[in-house]
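Q: Please take a close look at the metal site in this protein. I would like to know what holds the metal and how that part connects to the rest of the fold.

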Amino acid sequence: MGQMIPDLAAAASRASAAKIKSNGISNGISNGISNGISNGISNGISNGISNGLNGAGKKCQYDPTFTQKVIAATGPNANPRLAQIFPSLVRHLHDFAREVNLTVGEWSAAVDFLNECGQMSTDRRNETQLLCDILGLESLVDEITTKQLATSTTQTPSAILGPFYRSDAPFFPNGTSIVQDLSPSLPWYDQALEDSAFLSGRVLSTDGEPIENAVVDVWHTAPNGLYEQQDAEQPEMNFRGRFRTDQGGRYALYALRPVAYPIPDDGPAGRLLGLLDRHPNRPGHIHFIVSAEGHRTLTTQLYDSRDRWVGNDAVFAVKDELVVRFEPREGDGQARWELGYDFVLGRC
Ligand code: MBD
Ligand code: FE
């Protein structure tokens with residue numbers, strides 16, 4: 001704290017110098033900043049005095065009208081959903097900052113962190129989404145969305161999309177494979193043979209009726225734990241495909257048993273995991289998006305019960321009903337394992 005105060009004072013004088021020069025929006029921002037800083041300084045100082053010198057342990061009081069002032073700034077023509085949720089967002093953010101006595105230095109580090117997430121994100125890597133995942137936010141929002149929209153309790157549970165979906169995977173006929181160019185020169189060739197798997201089942205309505213022409217969009221990593229777009233060695237769209245159900249609502253494809261996989265930890269999200277003393281591992285999983293006319297689209301993942309991380313997922317996405325047991329497959333040169341799984345879709 002003793003070191004923070006001179007820094008803050010310097011920042012405050014820079015901010016008020018900026019205030020004199022600037023106008024309009026930037027004026028508002030620098031006012032906000034310099035207010036925040038000078039509040040912080042005087043609170044910090046008086047806090048230090050009352051806690052340190054008097055030993056009174058008195059909780060410092062931040063301006064009790066401030067949050068309401070920010071909430072009240074919303075105008076009458078605001079977007080209705082935003083007008084509904086923004087007060088809550090501001091309240092929680094402000095309460096958080098007060099509860100932890102967030103400093104300007106810490107807030108500024110958080111801004112840099114978020115900027116770095118955005119700057120790192122491309123159509124091949126979504127670092128901001130990954131950040132949400134390790135915070136459990138994507139899983140929570142998925143639970144809320146699914147429960148709000150659920151029309152039945154028998155539909156297959158959803159799981160999060162994750163940052164590695166590609167919307168334009170090729171369509172393949174039932175009974176074909178999403179494994180491309182499997183050659184003995186690949187470092188993971190032996191494991192791909194060992195884990196070769198036949199996946200099949202039906203897409204059903206909640207009343208048990210098979211759905212014809214449903215689309216099963218499936219993707220998973222290579223045995224090296226990398227999705228195709230993370231790995232320059234893999235062909236485009238490897239381990240991805242879309243299949244259409246037949247008249248009986250059936251789909252069938254060859255794939256691999258999934259392997260455990262560390263989420264990319266070479267960016268800011270990974271640094272956060274390190275600071276939190278957390279591991280980056282996800283249990284082996286296969287992603288699915290199952291869609292059909294007149295039905296709610298199901299985004300989900302199936303987890304291989306053999307995996308040691310099933311009970312300890314870095315992104316908190318596992319649900320018991322989605323943990324599956326692969327069985328040995330007899331008499332099929334293309335697959336050593338098989339999995340039968342029916343997806344049940346709610347009606348719109
Ligand atoms: C993944 O592969 C994934 O599926 C999720 C949900 C988050 C990070 C990486
Ligand atoms: Fe994934």
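A: Start with a tyrosine. Y227 is buried, because its relative accessible area is 2%, and buried means under 20%. This is a predicted model. Y227 is one of the protein donors of the iron ion (ligand 2), through its OH atom. The others are H285 and H287, each through NE2. These donors lie 1.9 to 2.1 Å from the iron ion.

Now the second end of the site. H287 is buried as well, with a relative accessible area of 4%. Along the chain, the donors follow the spacing Y-x57-H-x1-H. Y227 and H287 are 60 residues apart, and the pair links distant parts of the chain. Y227 sits in the loop between β3 (215-219) and β4 (240-244). H287 sits in strand β8, residues 285-291.

Next, the sheet around that strand. β8 belongs to an open sheet of 5 strands, in the order β4-β3-β8-β9-β10. The pairing in this sheet is mixed. In general, strands of a sheet pair through backbone hydrogen bonds, either parallel or antiparallel. β8 and strand β9 (residues 298-304) are antiparallel, with 6 bridges between them. Within this part, I286 stands opposite L302 in β9. At the edges stand β4 and β10 (323-324). Each has a single partner strand, so one side of each is left without a neighbour in the sheet.

Step back to the whole chain. The protein chain has 9 helices and 13 strands. Of its 348 residues, 40% are buried. Take the contacts between residues at least 6 apart in sequence: 71% of them join residues at least 24 apart.

One helix pair rounds out the picture. Helix α5 (residues 104-120) packs with helix α6 (residues 127-134) at an angle of about 125°. Their axes are 7 Å apart. That angle makes α5 oblique to α6. From α5, the contact uses F113, L114, C117, G118 and M120. From α6, it uses E127, T128 and L131. By class, the contact has 5 nonpolar, 2 polar and 1 charged residues.

Back to your request. The iron ion (ligand 2) has Y227, H285 and H287 as its protein donors. Y227 comes from a loop and H287 from β8. Through β8, the site connects to the sheet, where β3 and β9 stand on either side of β8 in the strand order.

Conventions. Residues numbered from 1 in each chain as written. Chains lettered and ligands numbered in written order. Predicted model: local features only at pLDDT ≥ 70, side-chain atom pairs only at ≥ 80, totals over all residues. Heavy atoms only, no water. Axes fitted to C-alpha atoms, helices over the stretch in contact; angles between N-to-C directions. Helix = DSSP H or I, 4+ residues; strand = E, 2+ residues; numbered from the N terminus. Parallel < 35°, antiparallel > 145°, perpendicular 65-115°, else oblique. Contact = heavy atoms within 4.5 Å. Nonpolar A, V, L, I, M, F, W, Y, C, P; charged D, E, K, R; others polar. Donors = N, O, S within 2.8 Å, 3.2 Å for Na, K, Ca; no water. Buried < 20%, exposed > 50% of the residue type's maximum accessible area, 1.4 Å probe, protein only. Pairing = 2+ DSSP bridges.
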